[in-house]
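User: I'm in my first year and still learning to read protein models, so please be patient with me. Here is the one I would like to understand.

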Amino acid sequence: MRKITLLFLAATAVAGVAFADRPVDETRPAAANATISIEVISGGVTVTGWARPELSIRGSLGDDVEELRIDGDRDGWTVKVKVPRQAGRRHRDIHANLEVRVPAGASLDVEAVSASVGASGLTGRVELSAVSGDVTLDGGLEEAKLTSISGDVRLKGSAGRVTAEAVSGDIVLEGVGRRVAASTVSGSIELTAGSVERAELESVSGSIDYRGGLAASGSLEVDAHSGNVRLQMPAATSARWSVSTFSGRIDNGFGPPAQRDSRHAPGSSVEFETGAAGGRIEVQTFSGNVTLKQS
């Protein structure tokens with residue numbers, strides 16, 4: 001019995017060593033406007049902007065990860081988690097959990113397969129994408145592109161230009177800036193903005209909720225196939241409005257009531273102007289209600 005117990009403990013110890021994570025602690029010099037690219041297969045990546053002229057990478061690597069490759073110079077670094085070619089069949093512990101710090105003004109590009117991706121404290125151009133995982137971004141940025149195939153996309157803060165795309169997931173954008181384009185196949189879109197110059201919102205199966213203003217000559221285009229649309233905007237909004245739905249009702253808090261397009265079809269539409277009519281607002285749904293509300 002004692003021999004069996006000792007063998008069991010030895011096997012457990014070996015297994016523990018075999019599957020123990022390997023620590024990562026790397027630092028490289030980086031210019032204030034450096035370009036940083038990061039690629040991971042699974043796990044998670046969190047990137048934070050800071051004032052130091054350095055790239056810092058800390059975290060852990062799974063036992064089957066071959067290496068963490070860091071190539072480049074102070075103007076640009078590529079960080080890649082290298083895994084065996086047959087990782088899906090023979091190697092399973094290929095995750096990487098990384099906490100990365102980069103100069104706040106750096107341009108960042110993160111690509112992940114089965115991993116969550118997050119960034120904060122950055123002011124430059126940021127592009128985050130994941131196949132299966134949530135994508136989150138926090139801070140005031142120049143430009144952001146956020147993409148997730150199976151996961152939610154979230155932005156909190158201001159950004160001059162924002163592109164957000166999801167296939168199966170919700171999109172939540174809080175405080176976007178001048179221009180925004182958001183689209184999702186199966187999910188909802190929630191957008192809070194100041195005064196956008198151009199906004200394009202599209203959902204195949206999900207609701208769209210916009211709360212914000214419109215620049216004097218700005219444009220807002222909303223297209224929902226199967227979902228409700230709600231716009232909450234200032235009473236002083238200056239725009240030409242065109243709103244239609246094939247199967248649904250229109251509740252207009254800015255102007256005249258909608259009219260049926262035909263006695264033989266359920267659709268309705270309305271066109272009107274508010275203020276100096278300098279901007280343009282177009283809303284279209286196939287199967288869903290439209291609510292226009294003054295804030």
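Among contacts in the protein chain between residues at least 6 apart in sequence, what percentage join residues at least 24 apart? After that, could you take a close look at strand 21 and tell me which residues make up its covered face and which its uncovered one?

Analyst: Happy to help! Please keep in mind that this is a predicted model. To take your opening question: the share is 44%, counted among contacts between residues at least 6 apart in sequence. The protein chain has 295 residues, and 42% of them are buried. Two helices and 23 strands are found in the chain. Its accessible surface is about 14,500 Å², with 48% of that belonging to carbon and sulfur atoms.

Now for your strand. Strand 21 covers residues 268–274. On its covered face you will find S268, V270, F272 and T274, while S269, E271 and E273 sit on the uncovered face. Try reading those numbers in order, and you will see them switch from one face to the other. There is a general rule to remember here: side chains in a regular strand alternate between the two faces of the sheet.

Next, look at the neighbours. Strand 21 runs antiparallel to strand 18, and seven bridges join the two. Within this part of the model, W241 is opposite F272 of strand 21, and F272 is one of the residues on the covered face. Strand 20, made of residues 259–260, also runs antiparallel to strand 21, here with two bridges. Q259 has S269 of strand 21 as its bridge partner, and S269 belongs to the uncovered face.

S268 is a good residue to zoom in on. It lies in strand 21, and it counts as buried because its relative accessible area is 8%, which is under the 20% cut-off. What does S268 touch, leaving out residues up to four places away in sequence? Its contacts are V243, S244, T245, G248, I250, A258, Q259, R260 and D261. Among these, Q259 and R260 fall within strand 20.

Strand 18 then takes us to another feature of the model. Strand 18 spans residues 239–247 and supplies at least two residues to the lining of the largest pocket. Strands 12, 14, 15, 16 and 22 each do so as well. This pocket holds about 240 Å³ of space. It is lined by 17 residues, with L201, E202, E221, V222 and D223 lying nearest its centre. By type, the lining has six nonpolar, five polar and six charged residues.

For a comparison elsewhere in the chain, try the second largest pocket, with about 180 Å³ of space. Its lining includes T46, W50, R58 and E99, and it divides into two nonpolar, three polar and five charged residues. Strands 2, 3 and 6 each supply at least two of the lining residues.

One more buried residue is worth a visit. L146 lies in strand 10, which covers residues 141–150. At 0% relative accessibility, L146 counts as buried, since that value is under 20%. Its contacts include L128, V135, L137, L155 and A164. The C-alpha atoms of L146 and V162 are 7.9 Å apart, although these residues are separated by 16 residues along the chain.

How values were computed. Residues are numbered from 1 along each chain as its sequence is written. This is a predicted model: local features need pLDDT of at least 70, side-chain atom pairs count only at pLDDT 80 or more; totals for chains, interfaces and linings use all residues. Side-chain values use heavy atoms; hydrogens and water are left out. On a 1 Å grid over the protein atoms alone, a cavity is a set of points where a 1.4 Å probe fits but cannot get out, and a pocket is an open set with protein on both sides within 12 Å along at least five of seven lines; lining residues have an atom within 4 Å of a point. Grid points are joined across faces, edges and corners, and a volume is the space filled by probe spheres set on the points. Helices (H or I, at least four residues) and strands (E, at least two) are DSSP runs, numbered from the N terminus. Ala, Val, Leu, Ile, Met, Phe, Trp, Tyr, Cys and Pro count as nonpolar, Asp, Glu, Lys and Arg as charged, and the others, Gly among them, as polar. Buried means under 20% relative accessible area, exposed over 50%, partly exposed in between (1.4 Å probe, protein chains only). Two strands pair if DSSP finds at least two bridges between them. Contact means heavy atoms within 4.5 Å. Accessible areas come from the Shrake-Rupley method with a 1.4 Å probe; for residues, only the protein chains shown count as cover.
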